[in-house]
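Me: Please take a close look at one part of this predicted model: the nonpolar interior. Start there, then work outward to whatever connects.

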Amino acid sequence: MSYIQNTDADRAEMLGAIGVRSFDELLEPIPEALRVKGVLALDPPLAEAALAAHLGALAGRNRPAAGAASFLGGGIYDRHIPALVRYVASRSEFYTSYTPYQAEVSQGTLQAIYEYQSLVCRVTGMDVANASMYDGATALAEAMLMAVAIKGAPRILVPRALSPRYRAVLASYAAARGISVVEIPHGADGLLDGARLESSLGEKTAALVVAQPNYFGVVENAGELAALARAKGAVVIACVDPVSCALIAPPGEYGADVAVGEGQSLGLPQSYGGPLLGFMATRKEHVRRMPGRLVSGTVDIDGKRGYVMTLQTREQHIRREKATSNICTNEALCALSAAVYLAALGEKGFREVAEQSYAKSHALAGMLAGVRGARLPFGGPFFQEFVLELPEAAAAFAARASAAGILPGIPLGADFPELGERAILVAVTEKRTRSELERYRDLLAGKEAGR
Amino acid sequence: MSATIFEKSKAGRRAYRLPENDCPVERIDLPHLRTSALGLPEIGEQDAVRHYVELAAKNYHVDKGIYPLGSCTMKYNPLVNEEAARLDGFTGLHPAQDDADAQGALELMYRLERSLSEITGMSAFTLQPAAGAHGELTGIMLARAYFLDRGEKRATVLIPDSAHGTNPASVAICGFKPKTVSSNERGLIDPAALEKEVTEETAALMLTLPNTLGLFERDIHEIVRIVHAKGGLVYMDGANLNALMGIVRPGDIGVDVMHVNLHKTFSTPHGGGGPGSGPVGVAPRLAPFLPVPRVVAGPDGYRLDDAAPKSIGRVHPYCGNFNVFVKAYAYIRATGGEGLREVSRNAIINANYLLSRLRGFYDLKYPGPCMHEFVLSARNLKRYDVRATDVVKRLLDYGLHAPTVYFPLIVEEALMIEPVETESKETLDRFADALAAIAGEAERSPDKLHEAPVTTPVRRLDEANAARCPDLCCPGDLD
Amino acid sequence: MNPEECKFTKEHEWVYIEDGDTAIIGISDYAAGELGDIVYIELPNAGQKVTQMDPIGSIEAVKTVADLYSPVSGEVIEVNEKAVAKPEIVNKSPYDDGWFIKIRMDDPGDLEVLFSYDEYRDFLGEEGAGKDEDAEDR
């Protein structure tokens, strides 16, 4: 089934109109020797029912976190998603449309992006947001390139307590561009080491990345860090969890130059880590250095309000090798989902997501800290995620818990050997219930054998 | 116009309620609390649905009609793929779950990689890149790592003048200098001219095949030989792979690295601009540099493997746009090997048919036959003071979507048309009739074109004013 | 400025000489027309040293961008802030209100390699170029 509608009769008529006797005549420019002999060795085609069964079987071979009591986080979270989000994102007027190059017949997508940009500005407290990047990690890498372009200094500072996956993506981009990435350690409280930051800022530095909260869930003194960086002329890049911005001072309040982050929490399923939603916002003065598409309000020739893509001279299709980025296809449908999510939750609902995540994570932390042999190694304040030191190896505990329907967190030993093999990163979103928290505690205390 | 969601906001309304918090706290004990309101809209569910349905009605989309954008491959997006991609077993997976919990996902990725290898003849694939341009960047990073490993300093990447802007932009991010290669009078790379450009300094030739004119480089064998003779790599931009499936495999003709676009060739929807997916395939000598993790099959099932000392590292925090893989894999399984050849065969027939219907009405700078797309020029209408923009805006009034305009840059007043294989002959005829009628209108009543569109939700928009005084964010005092 | 008294570059900048060593720089009406609606211009700062035919700024329209080349070597002594604030005046008045910068020339001999008005018109006769672009996605 190749979804082709034309019949042999149609094709014969069309080849006649073209003026060739056979299809092969149309392949004349391709030297015979270069052509495929025979048929591609792929599995035989499946009819719709068989295909659905095959994919259902593959899906059935997964044990999705969404079906368990999941305390997995580290950047991707299991949250409630309103039906409204799925409804809008699965309307084909949105998902089967292309990039809105013909603005007159793309006003739906364009206005949705404009509203998304506005919502990102409101959440982050920044002046302008772009139409989306691939994910939080590549958004951060693009922010790094932007900062290096602004400052002309190929050096940036990043916290060790940044997602190791983000650090890995940054490293790939930095290596390609010849940028040095300097890691700043954290103190015993899990907060970025301010003294080490100050001494590292000595040399000419393009930017400081502030992770808020950091990978360990700890809420940084972002305002002080930003002030230190600014005093040395560095650009401040805030890498933030958007949900945390409902409770904690957003990047705009502490003068960040660029705010980036992962928008998966805003109504996107976990989907094994993709597609995600990188968001990026900046201050007005940097807008021409910004990568990615931007949508602006304007009027048509009759004076009617409408929307267009704008400041396109920044982009690759016009400026080519001098463009601010090579990004073209982005994550528009995910941005639409995020916009619908924020509208569905609204001012109070979105705050409540953050408050419940805070409340439940603190409730669990309290319960687990009371289990013998377990402790919270970092004393710093946290938002919805914390590091727990278990009485046993994290991997072994995770396996045991998983059998009981609990995914207890991400073992940290592989990425942070200094934390030891008993450290685990525990995330608690608004979706978790008291009974799930209690089961986690009981399991850790050895009181529960299984579900 | 539609009021914005902010203008529809009324304090106290909501479209969604969370379950009651069963772990309440007395107070939030955090430093640096947010002091300002967020300014998010408050709206009931019914009015929210109406808002987005109102916006949806203003979009053109593939389910509505032909979308003949050149090099965009706007083919039909099968419904069963969407259903499969919504299965909880796929959407509910967290990327940090154990491989044992994700066996179905890993198997799907493994099978998709192997299928792409068979279709393209490339030895190995990474699925990490989230879009075509991200794939280009990854591919050029691989080239960089390859030469670094060999201790060779190569500074330049050659790119034909017909190339898409992402090519030079991707090259520049990796610190290479893009150098333009001029197309000859047939719209192709001239091997003799290329030979003069390729030196020991050349890292790669980055070419699109078929090129953006819809033409197959008939000297591709010689082109590859010239680049390889000086130790350079051949990068193929796979944007136009829809013309080649089952006909030519890039790996067989000596391509060293390429990306494919799942959101073009393999039928996954564009989503109004994304998400896409841009897997990168390589020849054996570049495989050690592929991003980690790699999906490997073992006696105990599938697993993600990080052990690759020469790897360029990660280009995505996880495995790429997994949910897009589900749809592309479903498409390949529904289609099969013979079916994919049928896809390309029909894409080529459809394009040549449309070309035969239109060549009498518009200029054709480079004569056919074409592959899956072709580029006309509206230069012949300039004498009526009509431009390519006017032609395509008038098409909108016929209820059809425009082709790509003003690209590639080497064709004046370009109209770049890719009909794709899924469109029926009747649809192609309707599109051809409209473009032919518009050419007639240009002569008889050019104002119809200058004033177009008049039937769309808005008419031509003031882009100059938007660029001078951009309004990028809805002011905060409306709610 | 009367264009017939200006000198021109191949890149479509004009130069008008004032008080012997001060060069006023702008772009020709042809260039402004080809670019279309100019939306943004980026110019060097006063005090900056510039070298003949080096790129010193850029001129942006909605879907195209052009580099600005310095027709002469010297020091920038004044920038037309009105044109920066309202770039549309470059379209409206390329030879008068839409001037870009003034340069104190190092060497008036720089002018010898530039086109006269008539030479520039002949040069335009041989030129013909495409303009803006939309593009497809990657």
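Reply: The largest nonpolar core holds 209 residues. Five of them touch the most other members: A:F350, B:L194, B:F266, B:Y362 and B:V391. Helix 9 of chain B, residues 322–358, gives the most to this core, with 19 residues. In soluble globular proteins, nonpolar side chains tend to be buried together.

Take B:V391 in detail. Residues up to four places away in sequence are left out here. B:V391 then touches B:Y362, B:A378, B:L381 and B:V386. It also touches B:L415, B:L435, B:I438 and B:L449. One of these partners, B:Y362, is itself among the five core members with the most touches.

There is a second, separate core of 76 residues. Its members include A:V260, B:A133, B:A143 and B:V157.

Now a buried polar residue. B:N81 lies in helix 2 of chain B, residues 79–85. Its relative accessible area is 1%, so B:N81 counts as buried. Again setting aside neighbours within four places in sequence, its contacts reach into two chains. From chain A come A:Y3 and A:L51. From chain B come B:S267, B:K327, B:A330 and B:Y331.

Next, the cysteines. A disulfide is a covalent bond between the sulfur atoms of two cysteines. The count here is zero over all chains. The sulfur of A:C328 has its closest cysteine sulfur in B:C72, at 8.4 Å, which is too far for a bond. The cut-off is 2.5 Å. A:C328 is buried, with a relative accessible area of 2%. B:C319 is also in no disulfide. For B:C319, the nearest cysteine sulfur belongs to A:C334, 17 Å away. B:C319 is buried too, at a relative accessible area of 8%.

Last, chain C. Six of its strands form an open sheet, in the order 1-2-3-9-8-5, with antiparallel pairing. Strand 1 (7–8) and strand 5 (49–50) of chain C stand at the edges. Each has a single partner strand, so one side of each is left without a neighbour in the sheet. Strand 2 (residues 13–18) and strand 3 (residues 22–27) of chain C run antiparallel and are joined by six bridges. Within that pairing, C:V15 has C:I25 of strand 3 as its bridge partner.

Definitions and conventions
Residues numbered from 1 in each chain as written. Chains lettered and ligands numbered in written order. Predicted model: local features only at pLDDT ≥ 70, side-chain atom pairs only at ≥ 80, totals over all residues. Heavy atoms only, no water. Core = buried A, V, L, I, M, F, W, Y, C linked by side-chain atoms within 4.5 Å. Buried < 20%, exposed > 50% of the residue type's maximum accessible area, 1.4 Å probe, protein only. Helix = DSSP H or I, 4+ residues; strand = E, 2+ residues; numbered from the N terminus. Contact = heavy atoms within 4.5 Å. Pairing = 2+ DSSP bridges.
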